[in-house]
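This briefing is meant for someone looking at the structure for the first time. Please keep the sequence and the 3D view open while reading the points below.

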Amino acid sequence: RGKVHIARYYFNRGAYVESLARLEAAAALFSETGRQLELGTVYNSLGRLYRAHGRVDAALDYQLKALAIHEKTSSPFNHLQSLNAVATTYQTMKDYAKSRVYFEQALALADRAGSPRVRDQLRAGLASSLAAAGDYQQAATILEGVIARKLDAFPRVRLRDRHGVVHPVDQ
């Protein structure tokens, strides 16, 4: 786990080469020791790293591997994380139909096992995909619900701007 924490430290500071080396070492270790849950988490982190550098095919490959692992575990949190990562990568690839499928799967799981904040974060991601695909009305409707609940992890204006949906600010 130490290698993963160090890798995240480097990633968050933009030191991607150092992060990649540590994540690859952690993946090898978790693979050798059969620690599948942790291996899936590392695969998601590798996918995030590759997505940050525009290598979305490599990112998707890692995130689909993570999803396959996390679907078999008893950890709803990790499963949600993998579904969200795959959805976000498809969104980056501008494949909004596939992105929507994975966001909706994540929402269905979150409705059974996730917190209200997680559900709203996923709804915001789905709204972003819908807006990017040109379905502004449905995106706005979803975001109105997120904003009305006031549970989002982002200030309301920032959340709205993040997803490019115009909505009147509360008076």
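**Cores, helices and salt bridges**

In this predicted model, the largest nonpolar core has 22 residues, and those with the most contacts inside it are Leu80, Leu83, Val86, Tyr102, Leu122 and Leu126. Helices H4, H5 (76–92), H6, H7 and H8 (136–149) each supply at least two residues of this core. Apart from it lies another core, of 13 residues, which includes Tyr43, Leu46, Tyr50 and Ala66. The structure also holds seven salt bridges, some of which are described further down.

**Helix H5 and its surroundings**

- Helix H5 has 17 residues, and the distance from its first C-alpha to its last is 24 Å, which is close to the 24 Å expected at 1.5 Å a residue.
- Many positions of H5 are listed as buried, among them Asn78, His79, Ser82, Thr89, Tyr90 and Gln91, and the buried list for this helix also includes Leu80, Leu83 and Val86, three residues named above for their contacts inside the largest nonpolar core.
- The buried residues of H5 pack against H3, H4, H6 and H7.
- Just after H5, Lys94 takes a positive phi of about 65°.

**Two individual residues**

- Leu126, one of the residues with the most contacts inside the largest core, is in contact with Arg100, Phe103, Glu104, Leu107 and Ile142 when its neighbours within four places in sequence are left aside.
- Leu49 is found in helix H3, which covers residues 36–52, and Leu49 counts as buried because its relative accessibility is 3%, under the 20% cut-off.
- Although Leu49 and Ser19 are 30 residues apart in sequence, their C-alpha atoms are 8.2 Å apart in space.

**A salt bridge within helix H4**

- The side chains of Asp61 and Lys65 meet in a salt bridge, with an N to O distance of 3.6 Å.
- Asp61 and Lys65 are four residues apart in helix H4 (residues 56–71), so about one helical turn separates them.
- In an α-helix there are 3.6 residues a turn, so residues three or four places apart point the same way.
- Both partners are partly exposed: Asp61 has a relative accessible area of 40%, and Lys65 has a relative accessible area of 36%.

**The salt-bridge network around Arg123**

- Asp111, Arg119, Asp120 and Arg123 are linked in a network of salt bridges, and two of the pairs that involve Arg123 are set out in the points that follow.
- The side chains of Arg123 and Asp111 meet in a salt bridge at 3.8 Å, N to O; because Arg123 lies in helix H7 (residues 116–132) and Asp111 in helix H6 (residues 96–113), this pair ties together parts that are 12 residues apart in sequence.
- The side chain of Arg123 also meets that of Asp120 in a salt bridge, here at 3.0 Å, N to O, and these two residues both lie in helix H7, three residues apart, or about one turn of the helix.
- Arg123 counts as partly exposed at 22% relative accessibility, and Asp111 is partly exposed as well, with a relative accessible area of 49%, whereas Asp120 is buried, with a relative accessible area of 1%.

Terms used. Residues are numbered from 1 along each chain as its sequence is written. This is a predicted model: local features need pLDDT of at least 70, side-chain atom pairs count only at pLDDT 80 or more; totals for chains, interfaces and linings use all residues. Side-chain values use heavy atoms; hydrogens and water are left out. Buried means under 20% relative accessible area, exposed over 50%, partly exposed in between (1.4 Å probe, protein chains only). A salt bridge is a side-chain nitrogen of Lys or Arg within 4 Å of a carboxyl oxygen of Asp or Glu. A nonpolar core is a set of buried Ala, Val, Leu, Ile, Met, Phe, Trp, Tyr and Cys residues joined through side-chain atoms within 4.5 Å. Contact means heavy atoms within 4.5 Å. The expected span of a helix is 1.5 Å times one less than its number of residues.
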